[in-house]
Amino acid sequence: MTGALLQCGHYDRFECRSCTWLERPYDEQLASKQATTRELVSAALGARAEPEWLPPVASAPAGFRTKAKMVVGGTVGRPTLGLWDPSRGSVDLRDCALHSAGIVAALPMLASFVTRAALAPYDVPTRSGELKHVLVTESPAGELMVRWVLRSTEAATRVRKHLAWLLAGVPSLRVVTLNIQPAHAALLEGERELVLTERDSLPMLVNGLTLHLGPRSFFQTNTDVAAALYRTARAWVDELAPTTVHDLYCGVGGFALHLAAPGRRVTGIEISADAVAAAERGRDDAGLAPDLVRFLVGDATSYLIEERADLVVVNPPRRGLGVELATRLEESGPATILYSSCNPETLARDLAVLSSYQPVRAQVLDMFPQTAHLEVLVLLSRVA
Ligand SMILES: C[S@@+](CC[C@H](N)C(=O)[O-])C[C@H]1O[C@@H](n2cnc3c(N)ncnc32)[C@H](O)[C@@H]1O
């Protein structure tokens, strides 16, 4: 842990103010995340007792983001990779201190590729140009996936033509795709993905398990803290030794694969078919039997599985479970719920609905230093 402040010229020049907590020492950020999360959870519990709060899990204060989402601006000759601001226009942030070292090292070559393949950056006010974003992910092994988000397939031939040059210039690059996002809307990516490389997913080795990350699947932004999250989940669940586990919003299988154990049936449910296919691949790589560990494409909100679970893991997007799913869980009655939340406000709202559950243990994990965002893991035991 550190009390030193991270220095950033972009922040000082008001070019990028995304790191809203940059002026707070890291120790203070962590303490504040713990305190506000505790307060919100406490207020939702009514007469129920407070859980035991374990010390928060810290992150490296810089270089922790293994996923970069860069808006491409400027011109073909002088592209910027960073953000677009209505008053300032495009801002180049390729030296952003939050990104992992492998991403920072690759960004200059990616900018050169924009020029070489003549990919005209999309200009928001005039709605002209082709290239909207470049999305980069780095795996723990230092391999990269790069996704070019384009307005149309107009530039696809030029990207293919110069791909060998890019692969030679960025030797860690394993997966390159084009994502087509035709709408003039603040959407990061579109539905259509064209994979240009032999490999179509990035192996993410986390705690000895390989999670396969495809272009359109979710993965936590901070891989080190995600690894700590999955290890903690496994330790807490192993103490309880459930025989049946459901993992709702399972993504590419992070929780499900960590919680698999001899004789334990684990079922993951996820809306993205690509993510489910990736989770199955991770299961097969780990040598886990498909009849013990299975993944289903479906809507977690309306999930219905014939077997009851002893323990249900939920890891929803920021909107939380919502009244419908929280009520369903409250009524269906698993003995334990393990709730991993990236939004303490929706967590608190869901806890109020889950009134038959006592939160017994909780821990804040800092996935997002320099901002108010965080992850929190709560173990809930049924008491009524
Ligand atoms: C916060 S991510 C968690 C993923 C995974 N648990 C992990 O550790 O990486 C939320 C996931 O929920 C999925 N999702 C969103 N809405 C859903 C729904 N209604 N039903 C099932 N999955 C959903 C998303 O595709 C995404 O993979």
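Start with the sheet. Seven strands (DSSP E runs of at least two residues, numbered from the N terminus) form an open, mixed sheet in the order β4-β3-β2-β5-β6-β7-β8. Pairing here requires at least two DSSP bridges between two strands. Select β4 (89-92) and β8 (192-195): these are the edges, each with a single partner strand, so one side of each has no neighbour in the sheet. On average, neighbouring strands are turned by 40° against each other, direction ignored.

This is a predicted model: local features need pLDDT of at least 70, side-chain atom pairs need 80 or more, and totals for chains, interfaces and linings use all residues. Numbering starts from 1 along each chain as its sequence is written, and side-chain values use heavy atoms, without hydrogens and water.

Next, select 67-74 and 79-85. These are β2 and β3, antiparallel and joined by four bridges. Gly-73 has Thr-80 as its bridge partner in β3.

Now show helix α3, residues 101-116 (helices are DSSP H or I runs of at least four residues). Helix α3 lies across β2, β3, β5 (131-138) and β6 (144-150), at about 150° to β5. Helix α4 (156-169) touches β6 and β7 (173-180), its direction making about 165° with that of β7. Contact means heavy atoms within 4.5 Å; angles run from 0 to 180 degrees between N-to-C directions of axes fitted to C-alpha atoms, for helices over the stretch in contact.

Finish at the ligand. Which residues are closest? Among the 16 that surround the ligand, they are Tyr-230, Glu-270, Asp-299, Ala-300 and Asn-315. The shell takes residues with a heavy atom within 4 Å. Select Glu-270: a side-chain N or O atom is 2.7 Å from a ligand oxygen. For Asp-299, the partner is a ligand nitrogen at 2.8 Å.

Methods. A polar contact is a pair of N or O atoms within 3.5 Å; within protein, one must be able to donate a hydrogen and the other to accept it, and residues adjacent in sequence count only if both atoms are side-chain atoms.
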